[in-house]
Amino acid sequence: MAGNNGGPWGGGGSSGGGGNRGNNGGDDGGRRPEEPQIPEIDELVKKGQEQLRVLMGGRGGNGGGKGTGGGGAGGNGPLFTKGTLALGAVVAVALWGVSSFYTVKPEEQSVELLLGKYLETGNPGLNFAPWPVVSREVIPVRVEQTENIGGGTGRLDTGLMLTGDENIIDVDFQVVWNISDPAKYLFNLRDPQTTINAVSESAMREIIAQSELAPILNRDRGIIRDRLEELIQETLDSYNSGVNVVRVNFDGADPPEAVKDAFRAVQSAGQERDRLEKQADAYANRKLAGARGQAAQTLEEAEAYRAQVVNEASGEASRFSAVLAEYEKAPEVTRKRLYLETMEEVLGRVDKVILDGNSGEGQGVVPYLPLNELRKSGGN
């Protein structure tokens, strides 16, 4: 054992090398390079042990190259000293502080739990929750989330709804929401997305069931959107969900794909019917207005004729009364004047020429003379 003072595998020098040569031959020592690596690994392990003892408060060995007996004698000492305990306490406090202090982003809020029970709500910034007694849940409250209903998302029949006039319509809409109360949101909803989806679908079915098909497709989309947003919010508030409905996007309402062509044909027929009805109403209004105008004109003409006849009769009666008064004063003169006036009026309309043959003035007149034509020419 005297030749192994350098270590269990033998030290360096001529004695170690001579022993190897004596056992294996003179030329084997130069052709086995792996054997010197084993003592180096052992020395590295020893050095690591010595350094560990020093760090733990012990004393190092007398020499790194000594045997195990010398290293063991020099390294005995207490593993936990006051410095070690102080260092461990500092490390523990640091780890506890790291676990207790946390940061909340501006778009987030935290919910602190005291042994699993709600304690308070943390605001954005640096917050303190002493671990492990108080834990926290950080929730994004300002992030808008979207639930899509209908339009081929989710179940195939999600958007198919029955209207009040017993028609089927395919509805596609979106519900955009965020978190208004993180504590309620965390404790009262087990699956928030599923709950919001179910509430939105139920509210839309209720509204569609109370509406007819034509207004849904044409003019009532804005009314339906506002009513849907209000009904979803009321239902979620009744659950104490802590969810705020930001807006509802009513993307579309169409007939089912299987009957879309037939529905379009019906819509075209309805539009054609409306067009013809409007044309008929315009024609009726035009004819009615013309008839009313003609009736008004006839009434005005009749009224004018009545006034004329009445006025003429009144004038004749007045004239007769005046003549009667004169006749009563001088009957013969008045009778002769009336006779002459009447003959003048009657003969003035007769196209004849009368010649008095008794007076002799008619002598020498040509038997045929177109006096009528002469009078006409003279009158023109």
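This is a short conversation about reading a predicted model.

Student: Where should I start? How many helices and strands are in the chain?

Tutor: Start with the overall make-up. The chain has 11 helices and nine strands, and 20% of its 380 residues count as buried. Its accessible surface is about 26900 Å², with 55% of that belonging to carbon and sulfur atoms.

Student: What share of the contacts with a separation of 6 or more comes from residues 24 or more positions apart?

Tutor: Sequence separation is a handy thing to check here. In this chain, such residues account for 64% of those contacts.

Student: Which residues touch the most other members of the largest nonpolar core?

Tutor: That core has 34 residues, and the ones to look for are Ile 169, Val 171, Phe 173, Met 204, Leu 228 and Ile 232. Strands S2 (108-114), S8 (168-179) and S9 (243-254) each give two or more residues to this core, as do helices H6 (192-209), H7 (213-217) and H8 (221-238).

Student: Let me zoom in on Phe 173. What is Phe 173 in contact with, leaving aside neighbours within four places in sequence?

Tutor: Its partners include Met 204 and Leu 228, along with Ile 149, Met 161, Val 248 and Phe 250. Polar names appear too, among them Glu 147, Asn 148, Ser 200 and Asp 251.

Student: Now Gly 125: why does Gly 125 count as partly exposed?

Tutor: Partly exposed covers values between 20% and 50%. Gly 125 counts as partly exposed because its relative accessibility is 26%. You will find Gly 125 in strand S4 (residues 125-128).

Student: And which residues does Gly 125 touch, not counting those up to four places away in sequence?

Tutor: Gly 125 touches Tyr 102, Thr 103 and Val 104. Thr 103 is 22 residues from Gly 125 in sequence, yet their C-alpha atoms are 5.4 Å apart in space.

Technical notes
Residues numbered from 1 in each chain as written. Predicted model: local features only at pLDDT ≥ 70, side-chain atom pairs only at ≥ 80, totals over all residues. Heavy atoms only, no water. Core = buried A, V, L, I, M, F, W, Y, C linked by side-chain atoms within 4.5 Å. Buried < 20%, exposed > 50% of the residue type's maximum accessible area, 1.4 Å probe, protein only. Helix = DSSP H or I, 4+ residues; strand = E, 2+ residues; numbered from the N terminus. Contact = heavy atoms within 4.5 Å. Areas by Shrake-Rupley, 256 points an atom, 1.4 Å probe, with all protein chains shown as cover.
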